[in-house]
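Here is a friendly tour of a protein model for you to follow on screen. Keep the viewer open as you read, and turn the model to each spot as it comes up.

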Amino acid sequence: MKLIEKRVVLHFPGFEPLDGVAHRARYERSARQSAAVWGYSVATGAPEPGSDPLSFEVTTESRAEPGSPGWRTKSRVHMVDHDGFVRKLRSGNTLSQIIAGFRSCAQIMLGGGMRGYFRHAWRFGLFFLFPFLLTALAIALTVQITVLPYALGFSPWHMFWSGPLALCFFIFVFLPFSERFHTLHLFADWKMAVALGRMDRADFNDWLEDRATAVRKALDEEADEYVISSHSMGSNVAAHVIGILLEREPEIFNGKRVVFATLGSAILQCALLSSATLLRARVGLIARCPAISWLDVQCLTDSINFYKVPVVAVCGHADAPPAKMILIRVKQMLTQEHYRKIRKDQLRVHRQYVLGPDMKGAFDFTLMTSGPMPASVFASADEKRMPE
């Protein structure tokens, strides 16, 4: 198998309050962990000045003895983050964020999204409902505290003190508690899901077109392999962007080795909305492109992905080549103590796809995007992840 000497990586991160610089810093930390586990050297370069999306070079090489053959791989990583929209969706006061979140909840329910979640991945359905049920419960308790004096037969004038008390409960007890579960952040995540499903926001649509232009430029770079990786909500952004390119130039990937890797993919978070016809069509374009190898990395212990669900078929393209499912276990990537610490934090488990390992395993994000072996080796459990 020919080793990769030069690679171009286009990474679409998930819905997190991190810009390209922060994602690069995380990548560098994860790469160091991977290098320590697998026994190779890694150097993560500084961001290229003025690059948009932010890009940087990663060099990995073997720790070969002097005079013995070794390998060396250079990968240029482009971080196609959407931090600007994360910040925009999180702007506004708490009340406006809550109202907008519940509006998104209603839109997803009316659009058939929730029905699809429970049909294909009931745990994802619970993930969808959780922040809204938690907040609804807190609102109900706040109202009960407000009317408690009246309910007990006291004069309605007592609500002049019970009302402020209820407000203090909501602001100083519930909101800090809810941040442990990233509740308002999840509200914003569902707002973005609606936007990417409906495609009815001019600012989102223009931004996707702009990202497609930037990605098209990156694809002009000469390389042995092109890896388009995406995590969580970023998979929806990636599907739209790559779909736009295929709509413009159906033969754009001809002659290239291209791997489309969706990690903990949330494509169906948006694609199951009845209004997401354009997203589903673009999923079909990607699946039918003969130059693209689609690897769908899923995890049993991650409740925020559609485990063992054939994304291409569910999007209405049963006749198209399916994405190759790669089933991993987070507990096989981490030490027992480390896994015990994070296993109850579902958002932390969900991030492990793009984080460094504690031990050698079947999946390693750094090796997939910067290692010497073609990314396609991760499609088979029998393939070696590192050259001998």
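## A pair to start from

Ser55 has His78 as its bridge partner in β4. Strands here are DSSP runs of E with at least two residues, helices are runs of H or I with at least four residues, and both are numbered from the N terminus. Two strands count as paired if DSSP finds at least two bridges between them.

Before going further, please keep in mind that this is a predicted model, in which local features need pLDDT of at least 70 and side-chain atom pairs count only at pLDDT 80 or more, while totals for chains, interfaces and linings use all residues. Residues are numbered from 1 along each chain as its sequence is written, and side-chain values use heavy atoms, with hydrogens and water left out.

## The whole protein

Stepping back, the protein contains 15 helices and eight strands. Its C-alpha trace spans about 90 × 45 × 40 Å along the principal axes. The radius of gyration, taken over C-alpha atoms, is 23 Å, which agrees with the value near 21 Å for a compact globule of 388 residues. That globule rule is 2.2 Å times the number of residues to the power 0.38.

How much of the protein is buried? Of its 388 residues, 52% count as buried, where buried means under 20% relative accessible area, exposed over 50%, and partly exposed in between, with a 1.4 Å probe and protein chains only. The accessible surface comes to about 17400 Å², and 58% of this belongs to carbon and sulfur atoms; the areas come from the Shrake-Rupley method with a 1.4 Å probe, and for residues only the protein chains shown count as cover.

Contacts (heavy atoms within 4.5 Å) often link distant parts of the chain: among those between residues at least 6 apart in sequence, 74% join residues at least 24 apart. As for charge, there are 44 positive and 36 negative side chains, and the centres of the two sets lie 7 Å apart. Lys and Arg count as positive and Asp and Glu as negative, without His or the chain ends; each charge is placed at NZ of Lys, CZ of Arg, CG of Asp or CD of Glu.

## Following the strands

Now back to the strands. β2 (residues 40-44) runs antiparallel to β3 (residues 54-62), with five bridges between them, and Val42 has Thr60 as its partner in β3. From β3, eight bridges lead on to β4 (residues 72-79), again in an antiparallel arrangement. Between β2 and β3, the loop holds Pro53, and the peptide bond from Asp52 to Pro53 is cis, with omega near 5°.

Which strands does β1 join? β1 (residues 6-12) runs parallel to β4, with six bridges, and parallel to β5 (residues 225-231), also with six bridges. Val9 is a handy marker, standing opposite Val77 in β4 and opposite Val227 in β5. β1 is mostly covered, with six of its seven residues buried.

## Two buried residues

Ile98 sits in helix α3 (residues 94-110) and counts as buried because its relative accessibility is 9%. Leaving aside residues up to four places away in sequence, Ile98 touches Thr135, Phe170, Leu184 and Phe187. Ala362 is 264 residues away from Ile98 in sequence, and their C-alpha atoms are 41 Å apart in space.

Val330 belongs to the loop between β8 (324-328) and α13 (336-342). With a relative accessible area of 3%, Val330 is buried. The residues it touches, again not counting those up to four places away in sequence, are Cys299, Thr301, Tyr339, Ile342, Val349 and Gln352. Ala318 is twelve residues from Val330 along the chain, yet their C-alpha atoms are separated by 30 Å.

## Backbone spots to check

Most residues other than glycine have a negative phi, and most peptide bonds are trans. Met199, although not a glycine, has a positive phi of about 55°. Met199 lies in the loop between α7 (183-198) and α8 (202-218), and is buried at a relative accessible area of 15%.

Where is Ser232 found? Ser232 is in the loop between β5 and α9 (234-248). Ser232 is not a glycine either, and its phi is positive at about 55°. At 11% relative accessibility, Ser232 counts as buried.
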